Amino acid sequence: MYHSFFKYYLISLILLAFGLSSQLRSQTNIEGVVLDELHSPIFGATVRELGGTEGTLSQSNGRFKLSLKPRAKVVIEISYLGYRTIVDTLLAGSNKTLKYILKPALNQLQEVVVQDHYEAQRQRAEAVHVDVLSTDYLQQNRANNLIQSIDQIPGIQSMDIGGGQSKPMIRGLGFDRVAVVENGIKHESQQWGADHGLEIDQMGIDRIELIKGPQALLYGSDAIGGVIVLQQTQVPKAHTTKSSLDLWSNSNNGLWGVSGGLGYRAERWFTIARIGYSDFADLRVPSDSVDVYSYKVPLNQGKVRNTAGREINAHLVLGYLGEKITHKLHASVLDHQAGFFANAFGLEPRNVDTELHDRSNRDIQWPYQTVQHYKVNTLSKWNAGHYQMELEQGLQANFREERSPYVQHGYMPAEVPENMKSIADLEKAFEKWTYSAIAKYHRQWNENVKTTTGLSYTFQDNQIDGIGFIIPAYRQHQAAAFAWFNQALSQNLSWQMGARLDYTHLKSDAYADWFTSPIVNGSDTQMVFLTRSTASQNQWFSWSGAVGLIWNKAHVLTKLNLGKSFRMPTAKELHTNGVNYHHFSFEKGHPNLNPESSYQLDATIEYHKKNWSVGLTPYVNYFDNFIYLNPTSEHDVVYGAGHQIFEYEQTALFRYGGEIHGQYSFYKHWQTGLSADWVVSTQLSGKKQGFTIPFSPPPSGQVFLKWTLDRWLSMQDIYFKLDYQYVMRQNRIVPPETETPAYQLWHFSTGTNGRIAKMNWALTFQIKNILNTKYYNHMSYYRMINMPEPARTFTVNLSIEIN
């Protein structure tokens, strides 16, 4: 009986096994990877069987797996909006891993479509919020410099001095708290100076990523507030030559600029070259005077005398695109010369030769600055299927001089000594060399798990010269190791985490005055060379980490990120002891400052439908040792030329804020949208407990109405746009800061593009501050002398491209 039972049981198992094996044999698995033209993975590409019902999407690493019923021949289609579709025929028995490289479609409108999908791809890949700006956005919003061109993005602010200099701020943090990365290498200059703009040609940038919130994990100490990633992504198509010409003009300061580019690509090798020049006159504001040291300085027709300048730049790219190896070399040079407002830099405002300065609004007189920035960087990638290696290296040299007539302050001699005559007008000079290297190893363990590990190293050598002192010479070494883990838990849910360990060694030189000062000790008085900064060595270890969650379901994208970042004190924060004429201050460092640590929770909630979308990005942030320049009520008459004394302090700081944005399309041709941002900061300790931090941006909002038309006659993508901007009153200040009143502005822009034979062209026109409103920017240092922001401004841009 039992024998019969086991016999039938064994026969049943055998039949079941044959059934399962036949069922398994009835499934054919097709595996592969989808890449773009630069061999980067495409997330969300559609892979489906033509004539069938089966299909799938490529994962974040570009890989896909499609299960089909077996047959002698299978035809599959690989598609992604904005790229050419590939149709491939597969024969039975082919079990190799397939690789498909999608190329951009030739339609002129596809650049915007590809850009939109790249942004969606980046949003799904990062737990923090990322704004992606395309070439079209930059062209439609081009201003005097790169930062002014992007300051309408919620959470991004521009700190301006003059017509040609701007510093980026992200959520109220700037200077050494915002990293600017160009083509993979962090841009290094004299970031501590408000008047020190970015030495970057905005015409050489065709895509910008704005990453808000602490990013020290991947980008290092300077990224505690956020990162601005500048990319040059456009590569000529194989066996083509591409030339371009850009012309732009600004009515406020008479700016005009021209930039020309030429690119060529063979099958694998390509080269791109560009050279540009711009020239601008004195800035114009809607005011006939400003207040400097309690003296009312008259302005001739509202022109801020001696803020004219000029800039020339050039860059060259050489690259190789192989199946497994890609290499890119980028070399650039920028030469900038611009004047400082003559009545507010070193000179007694009553002693300025106004007749000389007002004779021409385009000449550059004393005081002025010259800057040369040289940069060479390389990016090499080796792609071996499941893993990829990258090596980025960069060498930068930054030379900056600030020149002004010699002015006696304190115990300085009435005339410059004979042995210093050659640098009598050299107020300050800086020479900074930076070498940086980053090695990364990316590994795709399976279709759901990928990791990135890496090492980085940076060396800086900063030397100083001139008769003034603000920061000492120093040498700095930074080394770091980091790791990043990303896992897809399902088609809609993924999580990521990472950690980083940094070591910094900073060696600062001593500095003593070149003139003697009296030191009184009882009845004895000695003349000594006063020491401004002592020699010191500092070293710090610090760690950072983050964990994030991304949920993407149908029309909803939700992200949550918790991170800890850090920032090392700079040589200026530790050892400054001198006059900063751009800040109208006498600044003193603190040699015992500790590294900053920032803890931040970010959230992103976005909802998208066919005709409308809305998003909210709130955050809370805590610093345990926030470093800031504290304005005191004291003035230094002897050494500081009567300037207000500012001292570097540390405080526990709590911040919260966010951005909101929405857009709605209606009646086919119409779009409207709104955006707003706000940040609230409160010091929890220190001398200014209960107050905010200096230059904290007020809440602001913007509404736009846009009309578009796809085509009319030979013109395409026609648009007319009206913007309304409202900035609230800033009454949360740090004494002795003053409040800034609320203001509202109207802006208008229009543009179109087209094609004539082989030439593509695009034309845009903007009017900023239509009503010529007089208003003050709370983030501007010129606000301290009651100087309003620029008057009504007309801007025209023309771009021509020939393929």
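Fifty residues line the largest cavity, that is, 50 in the lining, and Asp151, Asp160, Gln725, Tyr775 and Glu789 lie nearest its centre. The model is predicted. The largest cavity holds about 920 Å³ of space. A search of the whole structure turns up 14 cavities of 30 Å³ or more.

Which elements give two or more residues to the lining of the largest cavity? They are strand 9 (156–161), strand 40 (670–683), strand 41 (700–712), strand 42 (715–727), strand 43 (743–756), strand 44 (759–768) and strand 45 (793–802). Strand 9 supplies the largest share, five residues. By residue class, the lining of the largest cavity divides into 20 nonpolar, 24 polar and six charged residues.

Now turn to a sheet near the start of the numbering, where strand 1 covers residues 28–35. Three strands form this open sheet, in the order 4-1-7. Its pairing is mixed. In general, strands of a sheet pair through backbone hydrogen bonds, either parallel or antiparallel.

Why is one side of strand 4 and of strand 7 left without a neighbour in the sheet? Strand 4 (63–68) and strand 7 (98–101) stand at the edges and have a single partner strand each, so one side of each has no neighbour there. From one strand to the next, the twist averages 30°.

Look at the pairing of strand 1 with strand 7. The two run in the parallel sense and pair over four bridges. Across from Val34 stands Tyr100, in strand 7.

Terms used
Residues are numbered from 1 along each chain as its sequence is written. This is a predicted model: local features need pLDDT of at least 70, side-chain atom pairs count only at pLDDT 80 or more; totals for chains, interfaces and linings use all residues. Side-chain values use heavy atoms; hydrogens and water are left out. On a 1 Å grid over the protein atoms alone, a cavity is a set of points where a 1.4 Å probe fits but cannot get out, and a pocket is an open set with protein on both sides within 12 Å along at least five of seven lines; lining residues have an atom within 4 Å of a point. Grid points are joined across faces, edges and corners, and a volume is the space filled by probe spheres set on the points. Ala, Val, Leu, Ile, Met, Phe, Trp, Tyr, Cys and Pro count as nonpolar, Asp, Glu, Lys and Arg as charged, and the others, Gly among them, as polar. Two strands pair if DSSP finds at least two bridges between them. Axes are lines fitted to C-alpha atoms, for helices over the stretch in contact, and angles run from 0 to 180 degrees between N-to-C directions.
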